[in-house]
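Student: I would like to go through this model with you and ask, for each label that gets used, what lies behind it.
Tutor: Gladly; let us look at the structure together and take the labels one at a time.

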Amino acid sequence: MKNGKSGYIFPLILMATLSIGFFTMTLVQLQSSHHDQLQHLNNYQHSLNLAYSVNVEVLSELREKQWEERFFKDKPVYRMNQKLFGGTYDLCVEDYDTSNYTFNVKIRTIVGERKSLFYWRQRYIPNMLDFTRLSFTVAFGEYDPELFEPARKSEIDKIVDDKLKNAVDNYEEAVKIAENLKKEPTLGAIIEKLGALPQGTDRSMIKGESQIRPSAPILGTQASNQPKTKVTDALNDLTSIVDPIDRLDLPSTGNSVCNSNLMIRSEPWGTVIGTIPPGATCEVLGLQGDFFEITYSGKNGYSHINWVAVPGHTPARVEPPRPPGAPPAW
Amino acid sequence: MTKRKGFTLLEITIGMFILGGVLVIYLQSMQSSRKKNEFYSEHFIASIMAAKVVESCFQETDINLYGIEALGLVDESGSSLDFNTPVTDGQTVFFKTPEITEEKHPHLYSMFSKDFMLNIESEKAAKQHFTLNTAFAWKAATGAGKFNFTCNFPGSVLRKEPLSTFAFPEDKLEKKLVERFFEEKNKNLGAIISSPGAREVALATGRIYFSTSSLLADKPFTESFATAEKLSGEPHAPTSAKYYQATEMYFNIAREVLDLILYLKPELERINRDRSMIDSMNLRNKTRLEVFIRRSGQALDKLRQIFLISVNEAASRYREQMKYSTSLRNQRLMIEKCLSMHRLMIVSADFCDGVFVSGDARSIIRAEYSRMLATTEKFFADKDQSIMRLAAQERKFVQNNQLKERYFVCDLVFQLFADIARLKDNLPDPDPGVPDPDLTVIGQASGNGTAVGATTWAQDQLNGGSGKGLNVNNGKMVSEDPTAWNDWCLAFVNTAYNRVIPELAYESAIESYNAMKSAGKIVTGNRPPAGAIMYTEASSTNPYGHIFIATGKTNENGEPIIITSGSASTFDGVREMTLNQMINLTSGRYLGYVVPEQVIR
């Protein structure tokens, strides 16, 4: 017994030591986990800031030259393994749809262990009236970093195309839903209508549900009540300044409106080299003074505008004043 | 054996030593863990706060080109300002709504009161954007705490070049100019206009005239004018798709017109600067070119009017859309557009001729702008501080007349409209009573029997004209012999009228005058219209009297300008001069004139 009693003390001390040791280790692990989570969160924010900063630099570079001289015209520009603000990034800028001035900016960031891919589809705004804005973001998202690789270009573009198409397809329905939701009197009613109430709850359990939603405040701007000149009147004035003949889209097809054979001349008021029968169709190539340059039956020459009709031009059908000695136009 | 009943001192000492050691480690770990947890917590909050600052900068620069300046991070020149501030009690713009106060957020307040400082350093990068280093520093239990984010934001410099869809193609311009302006074919412009300066003026005129033609030839665009006006006349709610559609149509009209007129600005400047260079051209070509310069000037003035009407309409409609919009995002978009439209109206206030039916344009424009800013500030006071700052900054720009300096398009538009006004004031043919020349008589032997034809034909006999008028009495023309019309004044006027006026078929000018006087057709006045037939009386040196033609123009003193043939005793050829100079030359008293329409048979 005596020997047995004397053996307790060390195991007890050992157990206490081990317990405290385990507890301390768990505590350290927990702290490390907190640290990792915080680092992860910071790295994400850092990645986003980095990508946004790179995009700002891309837009700065774009604004240095005009659209027609953009640095990524005709071929994608890749910049790999670039350093900025303590992070690393790969960049790709490329035209998407030049007729719509759209281009894609893909930025793959590496911050710490974290890799992210941010994708902007942007539309350049070429007109001068939008003088406070260079571009407009059509789509933005974060995607699998592996999609950055040039070989997978079509894959990521398709994902974005589909997203945009869905947004367009669902637009009307979304507007309808939003309009219907506006009619709901309380927040709870909206949540219920959206089917977002958790199971086993009803809307009376939502905090503040009894309060009626305030109607949206209205900005107190006023429509102008000043009488203004009509824009169509100004357009009519402008139209009267430019000769109708100069507003034609040539070459075009024309018709002789002369009741007799219309003369084709070698030059305006020049010698007659042929005629166009009444109502016949000719090719109107251009305009020289008061004469159309025409082609009829293989003959190139000039006929007076007063006797040839083309889209947008109603001929006067009167004999024009002619230089002394010149024969009539018809 | 009795000695072994308890623990030895050594055993107890060793045991206590081990236990004590472990406890010390444990307590230290606990202490360290508590500090670290506190630090992580502070660090986490600092990172959230920094992200909020970054987000605020993003929101600010998204709506305001001068957002970084509005936040007080840089000065007017873009140089960094000292930005080091506590974050509690609304001491910084970034944490004003809601403020971090002891009453509202006691926990945060106690933490941020521990020397928690926000420091932002701004640097303007070479590519005209700003790099902001947003840092939080505080006294943490583990030592000095620090957290920062670095991020780029768009800068204030934004310039674009006009890209007009209506620009007339350069490769077709010269051919079109030669054919249309000068009615020539297969000729280079250089063969028609030898002076390089005059050639450039002609090309500039062509760009303006034919680009305007392209705009008018675009049916969908011109039809949108009527559609916009029709829609705006209908009672659509400002939230409706049709209201939005009409607004966008006015905006698009203004956009297309602005791009076109800014594209044409260098051409306008050239015409204003170099128009005198066309004086060296021959009369026919000069006259033809002047016709198109006049039309181009008038067209630009009308484009100005269309632009301002559309901008004013768009501004008014954006205000209405903003008023009824319930989404902040949409309101921000409307404000941006609305402000841009108003800025353009403000800088164009001196050039609003023909935009408003009544009232003073300057007062109307300023009143609407001030009202819009005031209501915007009132509405967003507790909703969006970036809009408040934008509105305050806008007031400052307007008060200090800085809009032109701050927004390059405002400056361009102001210069453009000033140039248009200058051209309009100096268009060829300033006297509205002077008709367009009749170009069919240029280079002809005689006029065509009309007053306009007579005036144009007479001008064509001046130095620089074709001089192809034929004096049938001697078979001469001034292009070959400068004395062709010497002492043949009646024949000169009779040829100008293609011999269709019987009263001109007399032996002398004074006999012609007497015939006119007998018929009661003489008018005694000093403002003869273009083509008027004018007489001075016979004198001792000139017993036949004198006859000449009025141009319809007057000099700066209001004296009529006439065209007269010379004589052996005065000058050779044909000259343009004032009536007084004519009287001094002939020494004969002015008798009066005949209005051509009353005598042409």
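Student: How far apart do the C-alpha centres of domain 2 of chain B and domain 3 of chain B lie?
Tutor: This is a predicted model, and in it the two C-alpha centres lie 46 Å apart. The domain assignment of chain B places domain 2 at 170–425 and domain 3 at 439–598, with domain 1 at 36–153.

Student: What makes 6 residues of domain 2 of chain B count as being in contact with domain 3 of chain B?
Tutor: Contact requires heavy atoms within 4.5 Å, and 6 residues of domain 2 of chain B are in contact with 7 residues of domain 3 of chain B. The area buried between these two domains is about 510 Å², of which carbon and sulfur atoms give 77%. On the side of domain 2, Leu283(B), Arg284(B) and Arg288(B) supply 75% of the area buried against domain 3, more than any other three residues.

Student: How many salt bridges and polar contacts does the rule find across that interface?
Tutor: For salt bridges between domain 2 and domain 3 of chain B the rule finds 0, and for residue pairs in polar contact, both at pLDDT 80 or more, it again returns 0. The residues on the domain 2 side nevertheless divide into 2 nonpolar, 2 polar and 2 charged.

Student: What makes the pair Asp62(B) and Arg133(A) a salt bridge?
Tutor: The rule asks for a side-chain nitrogen of Lys or Arg within 4 Å of a carboxyl oxygen of Asp or Glu; the side chains of Asp62(B) and Arg133(A) meet at 3.6 Å, N to O, so the pair satisfies the cut-off. Between chain B and chain A the count is 4 salt bridges, and the rule also finds 15 residue pairs in polar contact, both at pLDDT 80 or more. Helix α1 of chain B, residues 9–63, gives the most to the side of chain B that touches chain A, with 23 residues, and by class that side has 56 nonpolar, 28 polar and 27 charged residues.

Student: How many residues and how much buried area does the interface of chain B and chain A involve?
Tutor: In this interface, 111 residues of chain B are in contact with 79 residues of chain A, and about 9,000 Å² is buried between the chains, with carbon and sulfur atoms giving 64% of that area.

Student: Why is Arg294(B) called buried?
Tutor: Its relative accessible area is 12%, and buried means under 20%, so Arg294(B) falls within that class. Arg294(B) lies in helix α10 of chain B, residues 283–324. Arg294(B) and Leu390(B) are 96 residues apart in sequence and 43 Å apart in space, C-alpha to C-alpha.

Student: What makes helix α17 of chain B mostly covered?
Tutor: Of its 8 residues, spanning 489–496, 8 are buried, among them Cys489(B), Phe492(B) and Asn494(B). The buried residues of α17(B) pack against helices α16 (451–460) and α18 (509–518) and against strands β6 (533–536), β7 (546–554), β8 (560–565) and β9 (574–578) of chain B. After α17(B) comes Asn498(B), whose phi is positive, near 55 degrees.

Student: What share of chain A is buried, and how many helices and strands does that chain have?
Tutor: Chain A has 6 helices and 12 strands, and buried residues make up 43% of its 330 residues.

Definitions and conventions
Residues are numbered from 1 along each chain as its sequence is written. Chains are lettered from A and ligands numbered from 1 in the order in which they are written. This is a predicted model: local features need pLDDT of at least 70, side-chain atom pairs count only at pLDDT 80 or more; totals for chains, interfaces and linings use all residues. Side-chain values use heavy atoms; hydrogens and water are left out. Domain bounds come from an automatic or database domain assignment. Buried area is the accessible area (1.4 Å probe) that two parts lose on being put together, summed over both. A polar contact is a pair of N or O atoms within 3.5 Å; within protein, one must be able to donate a hydrogen and the other to accept it, and residues adjacent in sequence count only if both atoms are side-chain atoms. Ala, Val, Leu, Ile, Met, Phe, Trp, Tyr, Cys and Pro count as nonpolar, Asp, Glu, Lys and Arg as charged, and the others, Gly among them, as polar. Helices (H or I, at least four residues) and strands (E, at least two) are DSSP runs, numbered from the N terminus. Buried means under 20% relative accessible area, exposed over 50%, partly exposed in between (1.4 Å probe, protein chains only).
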